[in-house]
Amino acid sequence: MSLQRTLKALSDPIRREILNLLKTGPMAAGDIAAKFDVTGAAVSRHLSVLKEAELIRDKRDGKFVYYELNASVLEEIMLWITELKGE
């Protein structure tokens, strides 16, 4: 995991909201895009950044792509922040 890439991915409010959406379970790319007032291409780029940071995973099912949280990377980040705080 590249911490710099992960922190960059987390710096955008739309990407953080995408992560919030995915905490309830996998979602199709189109369903994610429908939640935002930006172009589908913009949402696709946000998903790519999150995927490159390994914060999400994707799975193809026919013509649909479903995204889900990669909890292990989130746990690593939380552990690092906790250690940084000295707790």
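Modeller: Let's start with a definition: the expected span of a helix is 1.5 Å times one less than its number of residues. Keep in mind that this is a predicted model.

Biologist: Okay, so how many residues does helix H5 have, and what does it reach from its first C-alpha to its last?

Modeller: Helices first, in general: an α-helix has 3.6 residues a turn, so residues three or four places apart point the same way. Now the case here. H5 covers residues 71-85, which is 15 residues, and it reaches 21 Å end to end, close to the 21 Å expected.

Biologist: And what comes just after H5?

Modeller: Gly-86 sits there, with a positive phi of about 85 degrees.

Biologist: Zooming out, which pattern does the protein chain follow along the sequence?

Modeller: You read the helices and strands off in order. Here that gives α-α-β-α-α-β-β-α, or 5 helices and 3 strands in total. The radius of gyration is 13 Å, close to the 12 Å from the globule rule for 87 residues, so the chain is as compact as a globular protein of that length.

Biologist: What share of the residues is buried?

Modeller: Buried means under 20% relative accessible area. By that cut-off, 30% of the 87 residues in the protein chain are buried. As for the outside, the chain exposes about 5800 Å², with carbon and sulfur atoms supplying 53% of that.

Biologist: Last one: how many positive and negative charges are there, and how far apart are their mean positions?

Modeller: Find the middle of each set, then compare. The protein chain has 13 positive and 13 negative charges, and their mean positions lie 4 Å apart.

Definitions and conventions
Residues numbered from 1 in each chain as written. Predicted model: local features only at pLDDT ≥ 70, side-chain atom pairs only at ≥ 80, totals over all residues. Heavy atoms only, no water. Helix = DSSP H or I, 4+ residues; strand = E, 2+ residues; numbered from the N terminus. Rg over C-alpha atoms; globule rule 2.2 N^0.38 Å. Buried < 20%, exposed > 50% of the residue type's maximum accessible area, 1.4 Å probe, protein only. Areas by Shrake-Rupley, 256 points an atom, 1.4 Å probe, with all protein chains shown as cover. Lys, Arg positive; Asp, Glu negative; His and termini not counted. Charge placed at Lys NZ, Arg CZ, Asp CG, Glu CD.
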